[in-house]
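Here's a quick walk through one model, going from the whole chain down to a few packed pieces. Have a look at it first, then read on.

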Amino acid sequence: MTIGRSYLILAYSHMHIKNNDMKKTILSIAAATILFMGIQTVDAQVKLPAASSTQTITQALGIKNISLTYQRPNINGRTVFGGLVPYGQVWRTGANNIPALTFEEEVTIESHKVPAGTYGLFTVPNKAEWTIILSKNPKQWGAYQYNDSEDLLRFNVKPQTLANKVETFTISFEDVTTKSTKLTLAWENTKVGFTISTDQSKEILASIDAAMQGDKKPYFQAAQYYFSNNLDINKAAEWAKLADEGNTSAPHIKYWKARILAKAGDKAGAKQAAQEGLAMAEKSNNQEYVKLNSQVLKEIK
């Protein structure tokens with residue numbers, strides 16, 4: 001019932017009901033309804049911030065992603081570990097819902113294979129060692145329904161003491177490479193972490209081979225990948241030359257060509273590529289590649 005309809009009922013009651021007692025009763029009910037609906041309308045418009053904010057972060061790992069959603073409580077003057085969060089007990093790892101960690105493909109966590117999917121994150125804090133638990137049931141509020149039969153894996157890590165206090169509970173991805181990252185948890189003066197790694201080499205090499213059969217061949221990207229992952233450097237050098245032939249006015253291609261040729265043992269070719277890249281960068285006032293091509297020339301000497 002809306003407030004407008006309540007007014008209509010009030011008017012109708014006043015006009016057609018002759019019994020005064022009945023009329024007073026209906027008027028009282030209608031007035032209470034108007035007051036209640038008004039309060040409800042005001043309440044529905046109120047938006048308050050959550051005591052523990054929610055954060056969702058996505059981290060690229062190679063050509064796939066890891067995503068994480070978790071709740072972030074604050075210290076608010078409390079003693080956290082050994083107080084608010086007792087030692088030796090399973091902790092929800094944050095506030096409210098347990099963190100949900102999603103992998104787009106199989107990963108390795110501290111030597112354990114973890115299939116693609118979404119998992120819940122529990123921890124057991126202790127002074128000298130923490131237990132990390134990955135649960136097959138990510139949809140849990142708190143640790144009250146924790147069941148160890150739902151564990152996918154558990155392992156131990158050593159905590160470290162932080163010099164500066166972390167007020168808001170923080171989970172982050174650190175030390176990110178194309179093959180691994182470290183997931184860290186920090187709160188109060190404590191930090192723990194574990195490594196997540198992946199091996200996508202077969203998938204990436206297959207995609208490079210397939211792309212090389214097309215009209216637009218990814219010479220530059222393929223050369224970079226081979227160089228960065230210590231693969232066939234002669235093939236990388238061949239692709240770098242082809243990439244340069246396809247775009248002769250790009251100082252960044254000259255730079256990478258120089259690095260790759262130097263690694264392949266062609267110092268003369270590397271020097272020429274870096275000199276050309278330096279000249280291009282100076283002409284276009286591209287200070288980044290002035291610096292990088294100059295650096296390659298110093299390394300060759």
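Among contacts in the protein between residues at least 6 apart in sequence, what percentage join residues at least 24 apart? The figure is 53%.

## The big picture

Keep in mind that this is a predicted model. The protein has eight helices and 10 strands. Of its 301 residues, 38% are buried.

## Strand S6 and its partners

Let's start with the strands. S6 covers residues 117-124, and six of its eight residues are buried, so to speak of it as mostly covered is fair. S3 (residues 100-103) runs antiparallel to S6, and four bridges join the two. One of the pairings puts Phe103 with Gly117 of S6.

S6 also has strand S7 (residues 130-135) as a partner, again antiparallel, with five bridges. Thr123 sits opposite Ile132 of S7. Between S6 and S7 there are five residues, and the two strands form a hairpin.

## Helix H4 and what covers it

Now for the helices. H4 spans residues 219-228, and its buried residues are Ala222, Ala223, Tyr225, Tyr226 and Phe227. The cover over them includes helix H3 (201-211), helix H5 (233-246) and H6. Just past the end of H4, Asn230 has a positive phi, about 55°.

## H4 against H5

Two packed helices are described by the angle between their axes and the distance between the axes. For H4 and H5, the axes come within 8 Å and cross at roughly 150°. That angle makes H4 roughly antiparallel to H5, because anything over 145 degrees counts that way. The crossing of H4 past H5 is left-handed.

On the H4 side, the residues that meet H5 are Tyr219, Phe220, Ala222, Ala223, Tyr226 and Phe227. H5 brings Ile233, Lys235, Ala236, Trp239, Ala240, Leu242 and Ala243. Sorted by type, the residues of this contact come out as 12 nonpolar, no polar and one charged.

## H4 against H6

How do things look with H6? The axes of H4 and H6 come within 11 Å, and they cross at roughly 40°. The two helices are therefore oblique to each other: 40° is not under 35 degrees, the cut-off for roughly parallel, and it is below the 65 to 115 range for roughly perpendicular. H4 passes H6 in a left-handed crossing.

Phe220, Ala223, Gln224 and Phe227 make the contact from H4, while H6 supplies His252, Ile253, Trp256, Arg259, Ile260 and Lys263. The split in the contact of H4 with H6 is six nonpolar, two polar and two charged.

## A buried lysine in H6

One last stop: Lys254, which lies in helix H6 (residues 251-263). Is Lys254 buried or exposed? Its relative accessible area is 5%, and since buried means under 20%, Lys254 counts as buried.

Which residues is Lys254 in contact with, leaving aside its neighbours within four places in sequence? They are Asp244, Thr248, Ala273, Ala274, Glu276, Gly277, Met280 and Asn293.

Key:
Residues numbered from 1 in each chain as written. Predicted model: local features only at pLDDT ≥ 70, side-chain atom pairs only at ≥ 80, totals over all residues. Heavy atoms only, no water. Buried < 20%, exposed > 50% of the residue type's maximum accessible area, 1.4 Å probe, protein only. Contact = heavy atoms within 4.5 Å. Axes fitted to C-alpha atoms, helices over the stretch in contact; angles between N-to-C directions. Left-handed = near helix turned anticlockwise from the far one by under 90°. Nonpolar A, V, L, I, M, F, W, Y, C, P; charged D, E, K, R; others polar. Pairing = 2+ DSSP bridges.
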